[in-house]
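Colleague: Could you take a close look at one part of this model for me? I'd like the sheet and whatever packs on it.

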Amino acid sequence: MESITATPEWAALEALAAAGPPDLREAFDADPGRAERLTFTAGDLLVDLSKHLVTGEIVDALLALGRRAGLEERTAALFGGEHLNTTEDRAVLHPALRAAPGDRFADEGRDVVADVHRVLDRMEALAARVRSGEWRGHTGEPIRDVVNIGIGGSDLGPAMAYGALRRFTTPALRAHFVSNVDPAHLESVLAVTDPATTLFVVASKTFTTVETLSNARAARRRVTEALGGEDAVARHFVAVSTNADAVAAFGIDPEHMFEFWDWVGGRYSMDSAIGLSLMIAVGPDRFREMLAGFRSIDEHVREMPMGQNVPALLGLIGVWYRDFLGLPSYAVLPYAQDLARFPAYLQQLDMESNGKRVRLDGTEVDLDTGPIVWGEPGTNGQHAFYQLLHQGTTVVPADLIGFVEPMADDDDGRHDLLVANLLAQAEALAFGKTPAEVAAAGVGAALVPHRTFPGNRPTSVILAPALTPSVLGQLVALYEHKVFTQGTVWGINSFDQWGVELGKELATTIAGEVMAAERPGLDHDASTAALIRRYREGRGRA
């Protein structure tokens, strides 16, 4: 497999990087049309890329790199159902999850769209029954709380979306999300819910995920103890899984199991049956709106040339920062409290997808791959880590996401203040404040260095009309395709996650050792063995 670093296109970008990044003040002064030329639309999203450290020449070179990496061909293969997940020999067909009836997505020649809509219809039927009060618990009471028990992709997506779509939920029906095997997580939810009026959604593709099943069994014990027996399980638990036998053994009626497929990766699954708890919370119509939002970005990616393909441009600019300017970190800063979990969701999407050190053919990469992704909503972040963004020694590219319409009543202009902060931060990061400007404001010479801002800190500004179900779907799809772009350039498999396995395997062994009644033999390094012994002593075990 040819390394992208051996190509003329890579060398051209190295030469551009050697000259140093452009100065944004000079770039805007020299080009009055820069902002207009580097602002794009994708669906309802306005995406301003003009404050990035790029020139027309750099963008052209990045587009050439994308073509050399086969981005257009790989995109066609993605939508065509080719087995891009080579280590697991699977298609990568998450775009099929939001396909319209009549669209065609094939896995090994079989059109999967009908299967997707069959499951969506079953989800809608259950959601309608729960929301209307027709679905009753074991004691005959309607459901008032839905608890999603999952982890990773079976938790982050629906949990993030539930917060984001808070305005579209039904006050009489609350949703909760339990993921951590720490008993405190489940306990904190059980403390505010009534077993008689709670429906648990156990989300695990194989129905063997240790953390999820441990929490599900604990919830099951609470229900059976409170409601008087095993018969209660069928009225208070449903499953999102593919393992009907294990689901039935748990006590869940297989008729209340909602499937998804091996071509759906966990971190790409929030628009599958994994979103069942979300659909119950916001209703089938709103969930369908979200799917339509996803689909609009899929269509943008398929139809737009690379130079106007917003996720491709975002991804290529990210490659520029990671590999040519040596910037290892990337921040997502939503100016919307309802998107508080969006950075965490993108952490998994990006870092689990592209945190890889070998290429598709198994050879080691000779470049830097996935960035460290993190973030926090504005304006809170401004009073926490923006100091480093503005004046620290590490440059952190960032996406600032905002909305025209407020997400709550705004009689006193707080939403205007929120958006003003977003725009001000992007401007301040880009252009800073020179020593001369500081001195001209009357600041004493000794303080001038402390109050100088270097600027040239790059940002995207993503502005949407409102945080609706459709716009949320558009935002998620935008980043899905951005991550795909970068994985394509790096020549890695963005759709497996073997890196999570070793720790899980060791944890299984160590769990037996820390829980053993008798002192176990410990085949570990000296540090780990000593820590196991210390923990056992603290728990009063031999």
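Modeller: Sure, let's start with the sheet: 6 strands make an open, mixed sheet in the order 1-2-13-12-10-11. Strands here (E, at least two residues) and helices (H or I, at least four) are DSSP runs numbered from the N terminus, and two strands pair if DSSP finds at least two bridges between them. Strand 1 (39-42) and strand 11 (372-374) sit at the edges, each pairing on one side only. From one strand to the next, the twist averages 20°.

Before going on, the ground rules: this is a predicted model, where local features need pLDDT of at least 70, side-chain atom pairs count only at pLDDT 80 or more, and totals for chains, interfaces and linings use all residues. Numbering runs from 1 along each chain as its sequence is written, and side-chain values use heavy atoms, with hydrogens and water left out.

Inside the sheet, strand 2 (residues 45-48) runs antiparallel to strand 13 (residues 459-464), joined by 3 bridges; Val47 faces Ile462 there.

Now the helices. Helix 14 lies across strand 1, strand 2 and strand 13, at about 130° to strand 1. Helix 14 (residues 310-324) also meets helix 4 (residues 56-68): their axes come within 10 Å and cross at roughly 100°. Axes are lines fitted to C-alpha atoms, for helices over the stretch in contact, with angles from 0 to 180 degrees between N-to-C directions. The two helices, helix 4 and helix 14, are therefore roughly perpendicular (65 to 115 degrees). Contact (heavy atoms within 4.5 Å) involves, among others, Ile58 and Leu62 of helix 4 and Leu313 and Trp320 of helix 14.

Key:
Angles under 35 degrees count as roughly parallel, over 145 as roughly antiparallel, 65 to 115 as roughly perpendicular and the rest as oblique.
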